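Here are a few exercises to work through with the model open beside you. Try each task before you read its solution.

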Amino acid sequence: MQMRPETLKDVVGQQHLIGTNKILSNLVKNKRLFSMILYGKPGIGKTTLAYVLVHELGLRYRMLNATIHKKKDFDIVVEEAKMYGGMVVIMDEIHRLNKDKQDLLLPYLENGYITLIGMTTANPYHKINPAIRSRCQIFELHELEDQDIIKALKQVKKKEVLPHLEIDDEVYKILARMSGGDLRYAYNLLEVAYYATSDFHITKDVIQQINSKPVFFHDKNDDGHYDVLSAFQKSIRGSDVDAALHYLARLIEAEDLDSIYRRMSVIAYEDIGLANPSMGPKVMAAIHAAELVGLPEARIPLAEVVIELALSPKSNTAHLALDEALNDIRIGNTGNVPNHIKTNASEYKYPHDYPNAYVKQQYLPDKIKHKKYYHPKDNSKYEKMLKEVDEKIWKLKTK
């Protein structure tokens with residue numbers, strides 16, 4: 001099923017990039033295109049956005065895959081670019097581009113013969129060669145919301161791509177929930193359902209027969225899947241063990257183990273944190289056991305670890321401390337690394353050479369040398385111990 005849009009106004013989601021007066025829409029309006037890297041999860045529109053940009057601007061382009069295509073394919077595209085005086089190269093999996101191909105492309109990126117639109121699911125700041133990255137603007141695509149998926153799916157019927165399609169309204173919601181933000185997956189499931197019926201009428205039952213993944217409407221009152229997950233985490237955070245078990249039971253009944261695993265992993269570090277740091281490994285062990293035995297027995301290790309999470313002391317000091325540090329970085333409240341802790345600094349004092357492995361020396365930049373990020377609680381033995389150590393060192397630092 002071909003549902004790729006041809007204009008920006010038909011693209012769903014990504015309004016931070018293609019909304020009114022946003023950067024990509026203004027590039028199209030001003031008829032200019034620069035090399036860029038689009039990154040984000042699968043199925044959220046990276047390739048679609050690349051195609052729409054070249055289509056709206058009427059630009060000549062070629063599609064390459066950094067993994068599949070050989071160096072000779074790149075050579076051909078470079079020769080075409082020289083012959084036509086310029087070309088857009090849309091490149092999938094750009095984070096896998098090897099050195100030979102990079103060396104071939106770089107001069108033509110520099111002289112303007114090639115404008116690159118790279119696409120990747122990996123973080124380009126870590127996975128893409130700096131020489132390529134420095135020549136591109138980087139744009140992160142956001143996950144699609146359910147309403148984005150529903151809007152796109154309704155276009156299938158409107159455009160008569162599947163000409164005899166009849167679909168119940170609730171099915172749009174089901175497909176959106178099942179897709180997990182992956183529009184390509186939603187399209188594929190819709191198409192399979194269409195051809196798997198005798199009358200092209202897609203109902204909830206048809207979807208459930210095709211795909212064993214649970215449909216996340218947990219009760220007759222239509223409580224949303226994400227509401228149940230939210231209630232699960234908030235019940236644990238609030239130390240209500242019975243409520244936590246209730247929402248765990250709903251998620252187990254829906255057989256949504258992946259969501260349980262993800263949410264418990266977050267809870268162990270966001271809500272329990274340094275008050276009981278052993279919970280992180282315990283959650284991982286419970287997840288491993290649940291995966292090993294599968295349902296229905298998976299409910300047993302999950303129940304045990306959820307009870308312990310709910311009744312454990314709580315602390316959010318670690319991520320609050322990091323969030324405060326991140327905020328300083330984002331507003332420019334930083335400074336140069338002190339000279340004595342730079343690489344191979346001769347004046348660096350090695351703490352292990354001093355009593356208690358501590359020596360007074362400055363680690364933060366001058367501008368924020370007295371900044372305090374970590375504010376420990378003392379509602380558990382472990383964090384109380386950390387607090388005592390932290391206070392002792394702080395006194396030595398500020399003496």
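**Exercise 1: a glutamate in a loop**

In this predicted model, E143 has a relative accessible area of 46% and is partly exposed. Find where E143 lies and what it touches.

Solution. Start with the 46%: partly exposed covers the range between under 20%, which is buried, and over 50%, which is exposed, so E143 falls in the middle class. Next, place the residue: E143 sits in the loop that runs between β5 (137–140) and α8 (146–158). Then look for partners; leaving out residues up to four places away in sequence, E143 touches K41 and I44. With K41, the side chain of E143 makes a polar contact to the other side chain, at 3.1 Å. Finally, check a distance along the chain: K157 is 14 residues apart from E143, and their C-alpha atoms are separated by 24 Å.

**Exercise 2: a nonpolar surface patch**

Is M385 buried or partly exposed, and which patch does it belong to?

Solution. First, locate M385 in helix α18 (residues 381–398). Its relative accessibility is 41%, so M385 counts as partly exposed. On the surface, M385 joins Y382, V389 and I393 in a nonpolar patch, and together the four have about 330 Å² of accessible area.

**Exercise 3: the cores**

Which residues touch the most other members of the largest nonpolar core?

Solution. This core has 50 residues, and the ones sought are L24, M36, I117, I202 and I207. Now take I207: beyond four places in sequence, its contacts include V171, L175, L189 and I202. Apart from this core lies another, of 27 residues, with L229, I260, I267 and V306 among them.

Technical notes
Residues are numbered from 1 along each chain as its sequence is written. This is a predicted model: local features need pLDDT of at least 70, side-chain atom pairs count only at pLDDT 80 or more; totals for chains, interfaces and linings use all residues. Side-chain values use heavy atoms; hydrogens and water are left out. Helices (H or I, at least four residues) and strands (E, at least two) are DSSP runs, numbered from the N terminus. Buried means under 20% relative accessible area, exposed over 50%, partly exposed in between (1.4 Å probe, protein chains only). Contact means heavy atoms within 4.5 Å. A polar contact is a pair of N or O atoms within 3.5 Å; within protein, one must be able to donate a hydrogen and the other to accept it, and residues adjacent in sequence count only if both atoms are side-chain atoms. Patches are made of residues with over 30% relative accessible area and no salt bridge: like charges are joined within 9 Å, nonpolar side chains (Val, Leu, Ile, Met, Phe, Trp, Tyr) within 5 Å. Accessible areas come from the Shrake-Rupley method with a 1.4 Å probe; for residues, only the protein chains shown count as cover. A salt bridge is a side-chain nitrogen of Lys or Arg within 4 Å of a carboxyl oxygen of Asp or Glu. A nonpolar core is a set of buried Ala, Val, Leu, Ile, Met, Phe, Trp, Tyr and Cys residues joined through side-chain atoms within 4.5 Å.
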